[in-house]
Amino acid sequence: MIPKPKIIIIYESYHHQNTEKVAHIIAQRLQANLYHTDEAKSVPLSEYEVIGIGTGIYYGKPHRKIHSFINNLPIFNGQKSFLFTTSGIIYKKYIQGVSSKIIHRLEEKKLKVIDCLSIKGWDTFGPLKLIGGINKGHPDLVDLYNAELFANKLINEL
């Protein structure tokens with residue numbers, strides 16, 4: 001039997017805990033250690049073979065704490081990584097653009113990004129609050145099921 005790699009997931013979830021919900025599903029399936037960015041600062045990342053990053057997307061950018069966390073990462077030795085995001089806007093080009101910027105930063109830190117996932121999230125950020133937001137009820141059961149499928153796919157790629 002092949003030993004399972006040691007996995008950590010670091011996430012930031014702010015308004016409606018959209019990203020946190022997805023993070024818990026993925027962490028449970030991968031049997032990963034799960035840390036909020038504030039908790040992860042003292043975790044020795046070099047002990048992990050796989051590093052997952054989860055963030056909400058705000059006006060086309062990851063949460064500032066995830067942005068700072070990634071900027072402060074050391075240079076790794078090609079450990080595997082994955083990314084998942086939640087966002088009110090799920091237009092393919094938009095998400096690909098945002099995700100590619102985050103992936104590029106992770107790759108600059110010598111992490112090998114093996115996959116990424118984008119999930120709809122309830123968004124009442126900024127002016128959307130005036131209309132009750134968009135994607136109310138997301139992530140829903142289908143979204144969380146897709147997060148579990150994503151985790152299953154990751155297992156096969158680790």
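Okay, let's start in the sheet: strand β3, residues 50–58, and strand β5 pair in the parallel sense, over seven bridges. Before I go on, keep in mind that this is a predicted model. If you want a spot to look at in that pairing, find T55, which stands opposite T85 in β5.

Now, β5 has another partner. With strand β6, residues 112–120, β5 pairs in the parallel sense over eight bridges. And T85 turns up here too: in β6, the bridge partner of T85 is S118. So how covered is β5 itself? Mostly covered: β5 runs over residues 80–87, and seven of its eight residues are buried.

Let's stay on β5 and talk about rings. How many aromatic pairs are there? The count comes to two. One of them is F82 with F84, and that pair is stacked, at 6.4 Å centre to centre with 25 degrees between the planes. Both F82 and F84 are buried.

The other ring to find is F150. Its centre and that of F82 are 6.1 Å apart, and because the planes sit at 70 degrees, past the 60 needed, the F82 and F150 pair is edge-to-face. Why care where these two sit in the chain? Well, F82 is in strand β5 while F150 is in helix α5, residues 141–157, so this pair ties together parts that are 68 residues apart in sequence. As for cover, F82 has a relative accessible area of 1%, and F150 comes in at 5%. Buried means under 20%, so F82 and F150 both count as buried. Put the ring pairs together and you get a cluster of F82, F84 and F150.

Okay, over to a helix. T19 lies in helix α1, which covers residues 18–30. Is T19 buried or exposed? Buried, because its relative accessibility is 1%. And what does T19 touch? Leaving out residues up to four places away in sequence, the list is Y11, E12, S13, G54, T55, G56, F84 and T86. You'll recognise a couple of those: T55 is the residue opposite T85, and F84 is in the stacked pair with F82. There's also a polar detail at G56, whose backbone nitrogen lies 3.2 Å from a polar atom of the T19 side chain.

One last stop, with a charge and a ring. Look for K6: this lysine lies over the face of Y48, at 4.9 Å from the ring centre.

Methods. Residues numbered from 1 in each chain as written. Predicted model: local features only at pLDDT ≥ 70, side-chain atom pairs only at ≥ 80, totals over all residues. Heavy atoms only, no water. Helix = DSSP H or I, 4+ residues; strand = E, 2+ residues; numbered from the N terminus. Buried < 20%, exposed > 50% of the residue type's maximum accessible area, 1.4 Å probe, protein only. Polar contact = N/O pair within 3.5 Å; in protein donor to acceptor, adjacent residues only side chain to side chain. Contact = heavy atoms within 4.5 Å. Pairing = 2+ DSSP bridges. Phe/Tyr/Trp six-rings, centres within 6.5 Å; stacked < 30°, edge-to-face > 60°. Lys NZ or Arg CZ within 6 Å of the ring centre and 35° of its normal.
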